[in-house]
Amino acid sequence: MRKIVLLVSLVSFFSCGEKQEKPVSPINSEKSFLDPLEVNTTRSVNLLPEAREVAGEWLAYATAQNEIQNLENSTGQEILSSANNLVQIMENLRTTIPDSLKSTAVEARANVLYTKAQLLHQLSNKKQKNPDEILDLAEDMITEFDNFKLQLNELFLKTPENFETELDREFQEPLEPDSTGTIPLFRDSGI
């Protein structure tokens with residue numbers, strides 16, 4: 001009986017001993033948090049005048065655009081510190097889309113921006129932060145904001161029907177009868 005008690009004690013002692021945690025391996029990264037964000041795109045999307053007029057009155061858009069421009073000139077450390085603000089700004093952008101800009105495509109792009117901001121926030125709160133992941137995600141957010149602006153522009157592009165109507169109006173005016181009462185077949189280009 002003594003042997004059994006001794007055996008159970010030994011098993012209990014070794015099983016209750018402190019478990020050693022595995023040492024955390026360092027993250028292999030090509031970049032550091034002190035490196036500036038390098039945006040690898042030459043594309044720059046500007047809003048059409050009609051879209052700019054509507055977006056100019058949308059405070060959430062102006063705030064988001066300003067924050068994205070700040071990202072373009074940030075270091076990894078600055079991106080980490082602004083991750084929480086980005087989530088709030090993109091949430092505000094997503095929930096305050098004006099009725100004149102509401103479409104499935106615009107809402108989808110706003111959701112993508114919000115999701116990327118959430119992911120950036122999660123990565124910035126990890127114990128071991130990977131600068132490559134964070135800087136790449138920040139670059140993705142800049143690209144996605146350009147895609148968002150493209151969707152805003154598409155709302156104001158002329159449809160083929162509108163284009164035809166505009167052409168008809170343009171060609172109807174000069175086709176008035178001349179002094180002889182006939183309608184000219186060709187436009188007089190003044191040559």
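## A walk through a seven-helix chain

Start by selecting leucine 155. Setting aside neighbours within four places in sequence, leucine 155 touches Ser100, Leu101, Ser103 and Val106. You'll find leucine 155 in the loop between H6 and helix H7 (160–172). Now pick serine 100 as well and look at the C-alpha atoms: they sit 9.1 Å apart in space, although 55 residues separate leucine 155 and serine 100 in sequence. Is leucine 155 buried, partly exposed or exposed? Its relative accessibility is 33%, so leucine 155 counts as partly exposed.

**Zoom out**

Before going on, show the whole chain. Keep in mind that what you have on screen is a predicted model. Colour by secondary structure and you should see seven helices and zero strands. Followed along the sequence, the pattern reads α-α-α-α-α-α-α. There are 191 residues in the chain, and 28% of them count as buried. Switch on the surface: its accessible area is about 13,700 Å², with 52% belonging to carbon and sulfur atoms. Now think about contacts between residues at least 6 apart in sequence: 79% of these join residues at least 24 apart.

**Select H4 and H6**

Next, highlight helix H4 (residues 76–95) together with helix H6 (residues 131–154). Two numbers help here: packed helices are described by the angle and the distance between their axes. For H4 and H6, the axes come within 11 Å and cross at roughly 35 degrees. The crossing is left-handed.

Which residues meet where these helices touch? Show side chains for Gly76, Ile79, Leu80, Leu86, Met90 and Leu93 on the H4 side, then Ile134, Leu135, Ala138, Met141 and Phe148 on the H6 side. Sorted by class, that contact has ten nonpolar residues, one polar and no charged ones.

**A stop at asparagine 84**

Stay on helix H4 and click asparagine 84. At 39% relative accessibility, asparagine 84 is partly exposed, because that value lies between the cut-offs of 20% and 50%. Add serine 124 to your selection: it is 40 residues away from asparagine 84 along the chain, but the two C-alpha atoms are separated by 8.9 Å.

**On to the aromatic rings**

How many aromatic pairs does a search of the whole structure find? The count is five. Select tryptophan 58 and tyrosine 61 to see one of them: the pair is stacked, with 5.9 Å centre to centre and 25 degrees between the planes. Both of these residues are buried.

Keep tryptophan 58 and add phenylalanine 148. This pair is tilted, at 6.2 Å centre to centre and with 55 degrees between the planes. The pair links distant parts of the chain, 90 residues apart: tryptophan 58 is in the loop between helix H2 (49–55) and helix H3 (59–72), while phenylalanine 148 belongs to helix H6. Tryptophan 58 has a relative accessible area of 5%, so it counts as buried. Phenylalanine 148 is buried too, at 0% relative accessibility. You have already met phenylalanine 148 in the H4–H6 contact. Finally, bring in Phe145, and you have one aromatic cluster made of Trp58, Tyr61, Phe145 and Phe148.

**Last click: lysine 149**

Stay in helix H6 and select lysine 149. Is lysine 149 buried or exposed? With a relative accessible area of 9%, lysine 149 is buried, because that is under the 20% cut-off. Apart from neighbours within four places in sequence, lysine 149 is in contact with Val45, Leu47, Tyr61 and Gln65. Tyr61 should look familiar, as it belongs to the aromatic cluster you just selected.

Conventions. Residues are numbered from 1 along each chain as its sequence is written. This is a predicted model: local features need pLDDT of at least 70, side-chain atom pairs count only at pLDDT 80 or more; totals for chains, interfaces and linings use all residues. Side-chain values use heavy atoms; hydrogens and water are left out. Axes are lines fitted to C-alpha atoms, for helices over the stretch in contact, and angles run from 0 to 180 degrees between N-to-C directions. Helices (H or I, at least four residues) and strands (E, at least two) are DSSP runs, numbered from the N terminus. A crossing is left-handed if the near helix is turned anticlockwise from the far one by less than a right angle, and right-handed if clockwise. Contact means heavy atoms within 4.5 Å. Ala, Val, Leu, Ile, Met, Phe, Trp, Tyr, Cys and Pro count as nonpolar, Asp, Glu, Lys and Arg as charged, and the others, Gly among them, as polar. Buried means under 20% relative accessible area, exposed over 50%, partly exposed in between (1.4 Å probe, protein chains only). Accessible areas come from the Shrake-Rupley method with a 1.4 Å probe; for residues, only the protein chains shown count as cover. Rings of Phe, Tyr and Trp (its six-membered ring) pair if their centres lie within 6.5 Å; planes under 30 degrees apart count as stacked, over 60 as edge-to-face and the rest as tilted.
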